[in-house]
Amino acid sequence: KRSLSQLDVNGSRVLVRVDFNVPIEQGIEAIAGYDQRLRATLPTIQYLIERGCRTILCSHLGRPRAKVDEALRLGPVGDRLAVLLDHPVKSLPEITGPSVEAAIAGMAPGDVVLLENLRFDAGEEANDPGFAQSLAALTDYFVMDAFAVAHRAHASTVGVTEYLPSAMGFLVEREVTSMGRALESPEKPLAALMGGAKVSDKILLLDNIMDKLDHLFIGGGMCVTFLKAQGHGVGASQVEEDRLEFAREMLGEAEKRGIKVHLPSEVVVASEFAADPAEVQVSSADGVPEGGIIMDIAPSAAQQFASELQQCRTVIWNGPMGVFEMPRFSEGTRVVAEAIAGAPGVTSVVGGGSTAETVEALGLMDSMTHVSTGGGASLEFLGGIELPGIAATWEAVQAMPRSIVAGNWKMNTTLDEAATLASEVAEGLAEAGSVELILCPPYISLAVVRRAVNGSGIHVGAQNMHYEASGAFTGEVSAAMLRSLCHYVILGHSERRQLFGETDETVNRKVHAAQDAGLRPIVCVGETLAQREEGGAADVVEGQVLACVADVHDITDVVVAYEPVWAIGTGRAATPEIAEEIMGGAIRDALRDLFGDDGDSVPLLYGGSVNVGNAAAFAAQPSINGALVGGASLQADQFLQIAAEVAGAKG
């Protein structure tokens with residue numbers, strides 16, 4: 001529910017739970033061959049580096065059983081991460097304690113450190129409150145980006161959320177979004193491709209998706225139990241006797257629902273369970289010889305599976321089709337995997353664990369729509385089970401909206417002037433105090449301003465956008481055009497309402513388009529002097545809010561700015577008491593009416609002739625979280641002083 005992009009982490013210390021549990025027992029050199037989990041976390045880490053955060057990574061590695069194991073130190077993993085990031089990563093020899101605290105205190109903006117193996121401490125797996133608190137004490141925010149351990153209620157996945165504002169990282173968000181979409185609104189026909197050794201591992205998953213399935217493909221060791229349930233002889237193959245009745249029920253349920261079940265018509269049979277058995281033959285599924293062991297689906301069955309899967313639009317895959325780790329019995333899996341990867345228009349969601357390792361070994365990672373980083377976690381999520389590590393971020397104590405000071409430069413500054421002004425603000429950032437700064441230059445200057453503030457933690461915003469993605473709209477820019485240039489966009493500014501006739505409905509369309517593109521809208525509302533003098537200011541502003549943010553899918557990622565039209569560019573400002581009456585009353589009430597408690601998390605900015613002399617008085621009001629600054633933002637020293645006044649007033 002709450003993503004990293006919704007936390008105001010600029011310049012902060014951020015603890016990130018990652019999953020760097022790579023097969024280090026195969027040697028340090030092997031890490032490079034199995035670094036999917038490291039690569040998957042790069043977007044989150046890079047995002048934090050770009051925002052000047054001090055990033056503190058934590059992970060487990062192997063099973064050290066609550067004691068220091070020299071072979072399971074995370075240093076070599078940190079070295080590989082530094083190569084992938086192309087950025088230094090300092091590996092610390094301890095998890096908590098004075099030396100760790102000193103190292104974090106000495107971090108500069110953009111630095112990255114990796115704590116030692118969490119499972120060296122018994123408090124991790126025990127979800128010990130004391131250990132969780134010691135981790136939380138190191139930092140300001142917590143980001144959960146380790147989907148593979150999200151099904152574990154440990155100190156670093158659940159415990160720390162009791163003490164820190166928390167959110168999902170981009171990896172976990174992608175996992176939840178991709179698998180959630182496949183479960184809730186899949187493009188049809190929908191197929192489940194089930195393999196691996198055991199039926200018991202897939203029971204919850206199958207129960208959860210049967211009402212949506214069009215096709216069910218069964219291979220691997222699972223097919224042995226299903227073939228036996230159909231009355232076929234399976235030789236000496238291992239059967240889950242206690243799951244035969246479930247298999248029969250599942251086959252019966254599929255028939256009732258009109259689900260087409262695909263079991264292999266032919267299988268590869270070996271004389272023994274070994275990588276190089278004395279005898280290997282292809283047998284019909286109903287004629288497996290006595291003493292034979294099913295090791296793979298046969299080439300003919302693999303081709304049949306492949307052909308049918310390519311006719312589907314969504315495929316959920318969990319488990320290989322044979323004993324993939326033995327090369328002689330990997331062919332069925334390879335054929336099916338390549339068919340899914342090469343099918344145009346097919347959404348492929350691949351479960352983690354052995355299935356992900358299989359896809360990685362085949363070099364098909366980039367050809368699948370989504371490959372999960374979690375084995376047990378993906379099975380539980382697809383099985384409809386709430387994962388503690390994700391639920392905890394939803395329920396975590398959330399920070400009140402951080403103070404924001406945004407500068408709207410309007411139609412001012414040339415390219416050179418914009419670059420100079422942005423650089424001056426970035427250089428004086430220490431004077432601004434603990435606030436989030438946003439610079440909103442003209443469209444042509446977005447790129448140069450972004451370069452000037454890169455790494456400082458200052459955000460960049462646009463002043464307007466069109467609600468259409470493209471088209472014959474001369475002079476306009478779309479959200480997609482802005483996405484690579486900025487994070488914020490001002491919408492519904494009073495000048496655009498007055499000069500260009502923008503309506504609340506137009507602003508609402510823009511808000512939706514902005515959020516769809518990943519931009520954070522700053523929605524402006526405010527009454528005219530005539531409306532105020534008529535006594536209808538509160539009703540006007542409340543109506544604007546209700547209309548402008550109606551039906552937005554994530555109100556917690558919206559900022560609302562109150563700018564009384566009569567105070568824009570006139571030198572006149574509302575009194576702090578007037579601003580508080582409107583912002584704490586009409587605006588906050590409208591947000592609560594539409595979105596309940598989530599309405600309280602929307603930052604509210606005052607905009608209307610804000611200057612150094614009045615900024616502190618406005619910021620001192622309980623409902624005002626910051627300022628939208630016009631003319632005063634064109635002077636770096638004044639803008640930074642306003643930010644400092646806001647920071648001081650908010651304490």
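Here is a short tour of two charged surface patches and one sheet.

Before you click, note that this is a predicted model, where local features need pLDDT of at least 70 and side-chain atom pairs count only at pLDDT 80 or more, while totals for chains, interfaces and linings use all residues. Residues are numbered from 1 along each chain as its sequence is written, and side-chain values use heavy atoms, leaving out hydrogens and water.

**Stop one: positive charge.** Select Arg-63, Arg-65, Lys-67 and Arg-152, which form a positive surface patch. In such a patch, residues have over 30% relative accessible area and no salt bridge (a side-chain nitrogen of Lys or Arg within 4 Å of a carboxyl oxygen of Asp or Glu), and like charges are joined within 9 Å. Zoom in on Arg-65, in the loop between strand 2 (54-58) and helix 3 (75-85); helices are DSSP runs of at least four residues (H or I), strands of at least two (E). Arg-65 is exposed, at 63% relative accessible area (exposed is over 50%, buried under 20%, partly exposed in between, with a 1.4 Å probe and protein chains only).

**Stop two: negative charge.** Now pick Glu-424, Glu-427, Glu-431 and Asp-637, a surface patch of negative charge. Glu-424 sits in helix 16 (residues 415-427) and is partly exposed at 39%.

**Stop three: the sheet.** Show the open sheet of 6 strands, paired in parallel in the order 9-8-7-13-14-15. Its edges are strand 9 (260-262) and strand 15 (370-371), each pairing on one side only. Two strands pair if DSSP finds at least two bridges between them; strand 8 (residues 215-218) and strand 9 share 3. To see one, select His-215 and its bridge partner in strand 9, Lys-260.

Key
Patch = residues over 30% accessible without salt bridge, like charges linked within 9 Å, V, L, I, M, F, W, Y side chains within 5 Å. Areas by Shrake-Rupley, 256 points an atom, 1.4 Å probe, with all protein chains shown as cover. Lys, Arg positive; Asp, Glu negative; His and termini not counted. Charge placed at Lys NZ, Arg CZ, Asp CG, Glu CD.
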